[in-house]
Amino acid sequence: NTIITPCLGLFPSSDHLVGTSYLAGPEYMIFQDEYNQYKGHQKNIISPANKVLITFGGSDPFNITIQSLKAIRLIDDRKLEVAVIIGTNFSRELNQSIREVTKEDNHHWNLIEAPSSLAKWIHWCDVAISATGLTKYELALLGTPGIFLSIDEMHVDMNEAFESVKTGLHLGVYDKVSIEQLKTSLEQLLKDLTKRTQMSLNGMALVDFQGVDRILNLLSEVN
């Protein structure tokens, strides 16, 4: 038996599991096939940057999408292109709120409903605003800098090891981050070509497209 945990962080030992091997680390991360089309591509880090992706999972129970949209609306020195992912299980109320907030035309809003993959949009954007789940590894794979908001303190702790790699900015728990703080962080990152370039390189150095091959090779050795 083999236990695979393809994330950064501290994991329990499997020494007590007789006959079980344990593979831990982002080198074993497996990505959807849709990401393979970008294999070998270098992220195009541009200045000025104006394409922003907002993605908070399939349900976003804490309405962090709205928090992000309100922060972007405060940016008034440029017109941004904003792709907003609307998850399959977003509530009707959240869906309506998103459409209400994006009625203003100070930015170009593109509402993406329940995409089967984020690959296209992660490749498209200059910066993503995201939760601290597995999406951060997809961003890292394609060299896309991120601004991350955790849903609670437990996720802050779980994200500590990933944060040290510096593929983006982790602002903390969402309800302790003001809309003004989020707006300022995004503005500064969009303007900082050097920081975004380094974040992109850090991400692509962390994960690659070889996770499946590594796992299969190791399993073949065991068998």
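**Strand β7 and its surroundings**

Modeller: In this predicted model, strand β7, which spans residues 146-150, is mostly covered, since five of its five residues are buried.

Biologist: What makes the two faces of β7 count as covered?

Modeller: Buried means under 20% relative accessible area, and that label applies to G146, F148 and S150 on one side of β7 as well as to I147 and L149 on the other. In a regular strand the side chains alternate between the two faces of the sheet.

Biologist: How do you know that β6 and β7 are paired, and which way do they run?

Modeller: Pairing requires at least two bridges between the strands, and four bridges join β6 (residues 127-131) to β7, with the two running parallel; β6 and β7 therefore pair. One of the positions involved is A128, whose bridge partner in β7 is G146. Between these strands the chain passes through helix α4 (residues 135-141), and the resulting β-α-β crossover is right-handed.

Biologist: And what makes β8 a partner of β7?

Modeller: The same requirement of at least two bridges applies, and five bridges join β7 to β8 (residues 168-173), again with a parallel course, so β7 and β8 pair. I147, for example, has L169 as its bridge partner in β8.

Biologist: Which residues have the most contacts inside the largest nonpolar core?

Modeller: They are I72 and L186, within a core of 33 residues. Among the elements that give two or more residues to this core are β6, β7 and β8, together with α1 (64-73) and α7 (179-191), and the largest share, five residues, comes from α1.

Biologist: Turning to the surface, why is V212 called partly exposed?

Modeller: V212, in helix α9 (residues 211-222), has a relative accessibility of 38%; because partly exposed lies between the 20% limit for buried and the 50% limit for exposed, V212 falls in that class. V212 also belongs, with I30 and L216, to a nonpolar surface patch whose accessible area is about 270 Å² together.

Biologist: Why is L134 buried or exposed, and where does L134 lie?

Modeller: L134 lies in the loop between β6 and α4, and because exposed means over 50%, its relative accessible area of 54% places L134 in the exposed class. L134 and M29 are 105 residues apart in sequence, while their C-alpha atoms are 9.7 Å apart in space.

Biologist: What is the backbone value of N63, and what makes it worth a remark?

Modeller: Phi of N63 is near 60°, a positive value in a residue other than glycine. Most residues other than glycine have a negative phi, and most peptide bonds are trans. N63 sits in the loop between β3 and α1, and its relative accessible area of 38% makes N63 partly exposed. A114, in the loop between β5 (108-113) and α3 (119-124), likewise has a positive phi, near 45°, and is partly exposed at 41%.

Biologist: Which peptide bond is called cis, and how do you know?

Modeller: The bond joining S47 and P48 is cis, with omega about 0°; P48 is found in the loop between β2 (21-24) and β3.

Technical notes: Residues numbered from 1 in each chain as written. Predicted model: local features only at pLDDT ≥ 70, side-chain atom pairs only at ≥ 80, totals over all residues. Heavy atoms only, no water. Patch = residues over 30% accessible without salt bridge, like charges linked within 9 Å, V, L, I, M, F, W, Y side chains within 5 Å. Areas by Shrake-Rupley, 256 points an atom, 1.4 Å probe, with all protein chains shown as cover. Salt bridge = Lys/Arg side-chain N within 4 Å of Asp/Glu carboxyl O. Buried < 20%, exposed > 50% of the residue type's maximum accessible area, 1.4 Å probe, protein only. Right-handed = clockwise from strand over helix to strand, strands pointing away. Core = buried A, V, L, I, M, F, W, Y, C linked by side-chain atoms within 4.5 Å.
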